[in-house]
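Got the model loaded in your viewer? Let's take a short walk through it, one selection at a time.

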Amino acid sequence: MIAPETEILISLDGEELLRRTLRPGEYVLGRSSACELCVPSTTVSRKHARLTVNFSNLFLEDLGSFNGTTLNGGRITGKTQIWHGQKIQIGNVGVELRKICTDLDMGGSLAPSQAAVLESLPEDVAFQHSGYKVGQLIGRGGMGAVLQAEDESIQRQVAMKVVLHGDSPKDVLRFIHEARITGQLEHPNIVPVHTLGADEHGQPFYTMKLVRGVTLKQILNGLARGEEDAVRNYPLTELLSIFQKVCDALRFSHSQNIIHRDLKPDNIMIGDYGEVLVMDWGLAKTCNAPEPGAENEAAEAPPAETETYDEFDYKAGVNTQTGAVLGTPQYMPPEQALGDIESINERADIYSLGAILYHILTLRPPVDSGTAEQMLGKVIRGEIITPTAAVGGATKHSADLESATLKVPLAEQEETLSFALPHLPAGRIPSSLEAVVLKAMAHDQTARYPSVDAFQKELAAYRLGFATEAEHAGIFKRLSLLLKRHRTISGAAGVVFSVSLCFAIFLAREADRSNQALHRLRKAAPTFVERAWVHLEEGRLEDALEKVSFAAEVDPTNADYHFLRARLLQGEGLLAKAIGAFQRVLELRKDSSASENLALCSRLLPALNETGELPPRAMATLVHALQRQGRQPDTYWLVADLKKRAGELQPLLEQRLKALPGWEARRLKQTPEGTFMVDLSWLKLDSLDCLAGMPVSDLQLNGCSASISPDLLASLNKLPLKSLSMRGCGLQDLAFLEGADVENLVLSDNPFTDLAPLKKLPLFKLNLRESLAEDLSPLNSCAFLAELVLPKQARNYESLKSSPTLKRISRRELNSGSPEQSAAEFWKASTTEAGH
């Protein structure tokens, strides 16, 4: 039989200084001879760090050293859990921890957790070298941690999950159960598992797809803070699309008789390329099957912790509880909070889905205050405030819904404050979706939706303009929705309505009684505007324009109505009409947004062709401008048209580009917006005539210093560029960029010194590495700048400290594999360096 031990190897510049085999215990590393592990280096403090070796865990703690202790390039302070194979440095000395195994004496026995592993896993995967190189910590919760790792055999980056409390057989069995359950669920929206095994110490692990992206919770937190990127990229329509994919995953798992039991925004990942994956199936259970490790006595639930994801801390109130009550209180159904395992079935997950939709609508969990016990008590008693009340609106319960939904204490309603909802149409919670949430979160299990499929049908009904069953819509609303869905069928009725309306307005000018009718119509105008917002959210711009045009006609002095009408006209590419509507807004009030868009429409108007349509290049410019304003829904029609035209233009563009020496087809790609990404790096170019008239939004000209000419630089302004990379192009003057609409700009390895041409550009990302620029003050006027790579010799970057938008700043390439720094971390490090 084998027993695990840990070997420590300490080296400096490749020269071995110390090698020891460590038994469980505490070891101080330092320059002093009194330290258990003496390190002879002047960069190491006398007592530098403390290493704790347990049977299954390792911990490292810096002891206030001068040069610090780093783990995978990141500095640590307090007691930090570490794993074998991670890169550790104290001062400038490298520390490597390795696992080794030795034979036990005859009659020796394994620890209980090791025995559990050996009983649960085949011998050929237990107590074997994992074959993975462990990297940095990605995240951790109450039961496990996720590390980045590399599969050494095929050099694939994966996510490796390990159990935190490896001494407990129950936790080990639950962990193995989680891996097997997840591995059996093969679905596009469930994270795929690659391998399950145990290392030389008998510690179980499993590997899965490494998803680079953000959690749904991070997105909702960003919306709650009003972050521009989140508001622009995640309107309600996009969030509902994400949520539908989550429901798809749960519908599949339920078809396999498996329930999740810990659904929450933290466990939903949205990848960089739009993939949606339901994670962390650690509490998953096959219906009517016993709990994994149920023969072991349940431990007490641990205290609340902080879950960490992507270097940001989010207080979830509590982590997943590991004791008798399993799950996360904020999203847990009452039967689960009571610990009534026999009553937990698919409808428990439906409650949690409803709680997630609640969070999507209100940007806060259904229960978000108090201790874990207090939150559990609220869930058990059904004391959960309704979504409308949670954001400061009046609570409205219909008599039909009251018995099936939530119990709301009056005192709690009175304490609510108004809350901004930038992702919702008109900033209001749709009553149809609120009714769906209330039904899904019904306190009585039998009053909830019977299946995920039924829940999804309600969401589809809302998105397609039908009434949901949960809202118990009256005949008037159902008829109204029917007419909106079938415009052709209702055309005759619409003509009659329009004639009647005109006649009513005519009479209103002729008699006092008709004036009262017009007044009633004006009072109804907000209802039409609300419907316009809903249609805009759904991408139905024509319907939205019809509704708001009526509102503006009956209430012609309302500037908000005219502004929305102008937006919709602009979104349909009707620039001449949009100019007139924006001018009407400015007649009624001062409005900087109206002025900005009036100028945009006036600038693009001359580009209209003979049929009054925008050519693709101008259309791409308009799309980028509207997206920069956070008006994603306004661009639906434009993007659809642009995609259609891009499909027609691509063969012509390919034919032009083939004439370039060294051209390869992989250098041309189409974006989701219907524009083109073109890579001309290192090619010999006489001009950019090959791109003339094309909607090119992303252009790379890296290493083209021999081809750069004044004419070529001037032609860049004729392209609707959103991203431009000119690394190593010998640029000495940036005047060609004045007035450009580019958002992502790479200018590294160029000898220019003056950044004045970049003033007021709508830059979001800027890379100036290895340039000769010193004065960064022109960047203070870049209102959207969020990520910046500094030139080495920049000395007055302190002026950027007050920028409210700057989130990332570095002297190295961002996303280069080196640890990224937030702006706050960068300023703190700069202050520390200046102090030394």
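Start by selecting Asn345 and Arg347: at the start of helix 7, a side-chain oxygen of Asn345 comes to within 2.9 Å of the backbone nitrogen of Arg347. Before moving on, note that this is a predicted model, where local features need pLDDT of at least 70, side-chain atom pairs count only at pLDDT 80 or more, and totals for chains, interfaces and linings use all residues. Residues are numbered from 1 along each chain as its sequence is written, and side-chain values use heavy atoms, with hydrogens and water left out.

Now extend the selection to residues 346-362, the whole of helix 7 (helices are DSSP runs of H or I, at least four residues; strands are runs of E, at least two; both are numbered from the N terminus). First C-alpha to last, its 17 residues reach 25 Å, close to the 24 Å expected at 1.5 Å a residue; that expectation is 1.5 Å times one less than the number of residues. Helix 7 is largely enclosed by the rest of the structure, because 15 of its 17 residues are buried (under 20% relative accessible area, 1.4 Å probe, protein chains only). Just after helix 7, click on Leu363, which has a positive phi of about 65°.

Next, jump to the open sheet of 5 strands, order 4-3-5-6-9, with mixed pairing (two strands pair if DSSP finds at least two bridges between them). Strand 4 (37-38) and strand 9 are at the edges with a single partner strand each, so one side of each has no neighbour in the sheet.

Select residues 58-62 for strand 6: 4 of its 5 residues are buried, so the rest of the structure largely encloses it. Strand 6 runs antiparallel to strand 5 (residues 49-53), joined by 5 bridges; look for Val53 opposite Leu58.

Methods: Buried means under 20% relative accessible area, exposed over 50%, partly exposed in between (1.4 Å probe, protein chains only). A polar contact is a pair of N or O atoms within 3.5 Å; within protein, one must be able to donate a hydrogen and the other to accept it, and residues adjacent in sequence count only if both atoms are side-chain atoms.
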